[in-house]
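Hi everyone, thanks for making time this morning. I have one structure to walk you through, so let me put it up on the screen.

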Amino acid sequence: MSRIAYFGPRGTFTEQAARVLAPGEELLPVETVRLAMTAVRKGEADAACVPIENSVEGVVPATLDGLSESTPLVAVAEAILPVHFSVLTRRGGGEIRTVASHPHALAQVRDWLEANLPHAHPVASSSTSAAAVGVLEGDFDAAVCAPVAVEHYDLEVLATEVADVSDAATRFLLVRRPGELPAPTGADRTSVVAAAANRTGTLAELLTELATRGINLTRLDARPTRNNFGEYRFFIDFEGHVAEPRVLDALTALRRHCRNLRFLGSHPRADGTQTTIEPGFGNENFVDAAGWADAVRKGDVA
Ligand SMILES: O=C(O)C(=O)C[C@]1(C(=O)O)C=C[C@@H](O)C=C1
């Protein structure tokens, strides 16, 4: 049985994602995204389940930073879960002056809080379940949680189906130490983080290498390198799998432009969207062109 560290404590959305991505495996709750990744790096866990992006609030910075720091980890699978919340309070609790949750969760219920708990102060907690623990311990009066949290914490349900955007969703990754990659499926996502020189046109050069190979981007984010003000790392997700000649060709080209290029994995997309391949950009076109170039080099064709 594998050991899967996840961003906990028990009852987080990330725990639900871990159950989807690693059914029947042993789950190990840890306090932060960073510690979940550290557990994998140290060999205390075989994989970690972490949130990567939310359809309303965008990327989870701790996950991007954790993937670009320390020793490499690669994503081998992803899950997309719908996100709506329950608001939990202490049993028989009085006035609600503070309402706690993960910042991403608070951002997704801002309108609801304004309309329903206008006098409550929002307070950031490390996760939605950490907020529930805080309510139990008397630190806060209410917590915005995943619906399953009530099964783990002896709290009262004040409201369910709370969400400013009714079809909000979060994407989660299962990350491992580098090893055998998942097989390509035709509906895959490849991720890299690129540190390129700080000069005119660098980002345009990276994106052009993908565009000229007919590769469609699925996400682009920048995070500061933390070394020099104004210097960024670019997190680029795109359609396809590194086992495909077209994607490998693009990765090789990206490598030339980067001070540092880290491969973050190729894995099947949770939404099953098939890779878009425009005429002339198919893997067979790349294989054919490479074969032709090889023949030219050997003097076999002119
Ligand atoms: O705190 C949790 O329950 C989490 O799993 C984290 C997280 C996030 O990082 O976005 C996951 C899904 C929701 O969007 C809110 C919080």
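I'll start with the overall chain, then go through the two annotated domains, a helix, some side-chain pairs and a surface patch.

Please keep in mind that this is a predicted model. The chain has 302 residues, and 50% of them are buried. Its secondary structure comes to 10 helices and 15 strands. Along the principal axes, the C-alpha atoms fill a box of roughly 85 × 45 × 35 Å. If you take contacts between residues at least 6 apart in sequence, 76% join residues at least 24 apart. The chain exposes about 14,300 Å², with carbon and sulfur atoms supplying 52% of that area.

Now the annotation. An unreviewed UniProt entry places "domain: Prephenate dehydratase" at residues 3–177. That span is 30% helix and 35% strand, and its end C-alpha atoms lie 13 Å apart. UniProt also lists "domain: ACT" at residues 191–269, again from an unreviewed entry. Here we have 29% helix and 42% strand, with the end C-alpha atoms 12 Å apart.

Let me stop at helix α3, residues 61–68. Why can we call this helix largely enclosed by the rest of the structure? Six of its eight residues are buried, so the surroundings cover most of α3. Those buried residues are Thr63, Leu64, Asp65, Gly66, Leu67 and Ser68. After α3 comes Ser70, which has a positive phi, near 55 degrees.

Asp65 brings us to the salt bridges, and a search of the whole structure finds 26 of them. Asp65 pairs with Arg226, and their closest N and O atoms are 3.0 Å apart. This pair links distant parts of the chain: Asp65 sits in helix α3 and Arg226 in the loop between β13 and β14, 161 residues apart. Asp65 is buried, at 9% relative accessible area, whereas Arg226 is exposed, at 57%.

Next is Glu209 with Arg256, where the closest N and O atoms are 3.8 Å apart. Glu209 belongs to helix α8 and Arg256 to helix α9, so this bridge ties together parts 47 residues apart in sequence. Glu209 counts as buried, with 13% relative accessible area, while Arg256 is exposed at 61%.

What about Arg269 and Glu239: buried or exposed? Both are buried. They form a salt bridge too, with closest N and O atoms 3.5 Å apart. Arg269 is in the loop between β15 and α10, and Glu239 is in strand β14, 30 residues away in sequence.

There is also a network of salt bridges to look for on screen, linking Glu53, Glu78, Arg171, Arg189, Arg219, Asp221 and Asp237.

On to the aromatics, where the whole structure gives one pair. The ring centres of Phe13 and Phe85 are 5.3 Å apart and the planes meet at 85 degrees, so the arrangement is edge-to-face. Phe13 lies in helix α1 and Phe85 in strand β6, so the pair ties together parts 72 residues apart. Phe13 is buried at 11% relative accessibility, and Phe85 is buried at 1%.

Last stop, the surface. Trp292, Val296 and Val301 make a nonpolar patch of about 270 Å². Trp292 lies in helix α10, residues 283–297, and is exposed, with a relative accessible area of 52%.

That's my tour, and I'm happy to rotate the view for anyone.

How values were computed
Residues numbered from 1 in each chain as written. Predicted model: local features only at pLDDT ≥ 70, side-chain atom pairs only at ≥ 80, totals over all residues. Heavy atoms only, no water. UniProt positions renumbered as here; feature names shortened; annotations may be inferred. Helix = DSSP H or I, 4+ residues; strand = E, 2+ residues; numbered from the N terminus. Patch = residues over 30% accessible without salt bridge, like charges linked within 9 Å, V, L, I, M, F, W, Y side chains within 5 Å. Areas by Shrake-Rupley, 256 points an atom, 1.4 Å probe, with all protein chains shown as cover. Salt bridge = Lys/Arg side-chain N within 4 Å of Asp/Glu carboxyl O. Buried < 20%, exposed > 50% of the residue type's maximum accessible area, 1.4 Å probe, protein only. Phe/Tyr/Trp six-rings, centres within 6.5 Å; stacked < 30°, edge-to-face > 60°. Contact = heavy atoms within 4.5 Å.
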